[in-house]
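Visitor: Before we begin, I should like to hear how each label attached to a structure is justified. Would you take me through the reasoning step by step?

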Amino acid sequence: MISRAPRRRVDVRVFPPFREAAPAASVRRAANAALAIADPAGRSAASVVVADDETLHDLNLRFRGFDEATDVLSFGQHGAPVEDTALPPSEPFPEDGFPALPGEPQSLGEVVLSYPMAERQAREHNVPVEREAALLVVHGILHLLGHDHAEAEEEAAMRAIEQQALEALFPAAIGAEES
């Protein structure tokens, strides 16, 4: 019998000014790459929002107390930033989380990224903005799955998964960067 990949749903919303530059399909591919590597047997869903600096600034201030824009935030099912309520990877869903419809994947939460910040960081890192935005999506999804980078060991593990996802998304670009 042929095994199928786990059923996943990734909802993507892109603010109107960024719809041409950040098409929903490429954002969805990045989220699915992270899910396939970090949660290969999982049946999970997530949402990704491509927003502006003002939105990320507001969310960062309201939910984390930081009066500044940031590149990406992850919000678990209960609306709090994942860094504040991270679950261990073995327990991706709280028992009292929002129930999924029968046969539907359970939602991990929502990732919100600032496209203008991704553009600036792409210039700083000398990479295409699509790659930088994909990195932010992957990073946010990994937070939803319980990964963190507070300790050096955790950061190394998270970066390794990010690298795997980027290699899957941009195989020719990774080889060119190493040359």
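Guide: The following exchange sets computed values against the cut-offs behind each label. Please bear in mind that this is a predicted model.

Visitor: What is the order of the elements in the protein?

Guide: From the N terminus on, they run β-α-β-α-β-α-β-α-α-α-α. The protein has seven helices and four strands. Of its 179 residues, 43% count as buried.

Visitor: Why is the pair of Phe18 and Tyr115 called tilted?

Guide: Two aromatic pairs are found in the whole structure. In the pair of Phe18 and Tyr115, the ring centres are 5.5 Å apart and the planes lie at 40°. Rings pair if their centres lie within 6.5 Å, and planes that are neither under 30 degrees nor over 60 degrees apart count as tilted. The pair of Phe18 and Tyr115 is therefore tilted.

Visitor: What makes this a pair that ties together parts of the chain?

Guide: Phe18 lies in the loop between strand S1 (9-14) and helix H1 (24-38), whereas Tyr115 lies in helix H4, so the pair ties together parts that are 97 residues apart in sequence. Both Phe18 and Tyr115 are buried.

Visitor: What kind of aromatic pair do Phe63 and Phe75 form?

Guide: The pair of Phe63 and Phe75 is edge-to-face, with 5.2 Å from centre to centre and 70° between the planes. The cut-off for that label is over 60 degrees. Phe63 belongs to helix H2 (residues 53-64) and Phe75 to strand S3, and the two residues are 12 apart in sequence.

Visitor: How do you know whether Phe63 and Phe75 are buried or exposed?

Guide: Buried means under 20% relative accessible area and exposed means over 50%, with partly exposed in between. Phe63 has 35% relative accessibility, so Phe63 counts as partly exposed. Phe75 has 7%, and therefore counts as buried.

Visitor: Why is Glu162 called buried?

Guide: The relative accessible area of Glu162 is 4%, so this residue is buried, the limit being under 20%. Glu162 is found in helix H6.

Visitor: What makes the link between Glu162 and His139 a polar contact?

Guide: The side chains of Glu162 and His139 are joined at 2.5 Å, and the limit for a polar contact is within 3.5 Å. Leaving aside neighbours within four places in sequence, Glu162 is also in contact with residues including Leu135, Val138 and Leu142.

Visitor: How do you know that Val48 is buried?

Guide: Val48 has a relative accessible area of 0%, and is therefore buried. This residue lies in strand S2 (residues 44-51). Not counting residues up to four places away in sequence, Val48 touches several others, among them Val10, Val12, Ala31, Leu113 and Val137. Val48 and Ser74 are 26 residues apart in sequence and 9.1 Å apart in space, C-alpha to C-alpha.

Visitor: Which residues lie nearest the centre of the largest pocket?

Guide: They are Asp71, Val72, His139, His143 and His149, out of 20 lining residues. The space in this pocket is about 360 Å³. Strand S3 (72-76), helix H4 (115-125), helix H5 (129-144) and helix H6 (152-169) each supply at least two lining residues. H5 gives the most, with six.

Visitor: How do the residues of that lining divide into nonpolar, polar and charged?

Guide: Five are nonpolar, eight are polar and seven are charged.

Definitions and conventions
Residues numbered from 1 in each chain as written. Predicted model: local features only at pLDDT ≥ 70, side-chain atom pairs only at ≥ 80, totals over all residues. Heavy atoms only, no water. 1 Å grid on protein atoms, 1.4 Å probe; cavity = no way out; pocket = protein on both sides within 12 Å on 5 of 7 lines; lining within 4 Å. Points joined across faces, edges and corners; volume = space filled by probe spheres on them. Nonpolar A, V, L, I, M, F, W, Y, C, P; charged D, E, K, R; others polar. Phe/Tyr/Trp six-rings, centres within 6.5 Å; stacked < 30°, edge-to-face > 60°. Buried < 20%, exposed > 50% of the residue type's maximum accessible area, 1.4 Å probe, protein only. Polar contact = N/O pair within 3.5 Å; in protein donor to acceptor, adjacent residues only side chain to side chain. Contact = heavy atoms within 4.5 Å.
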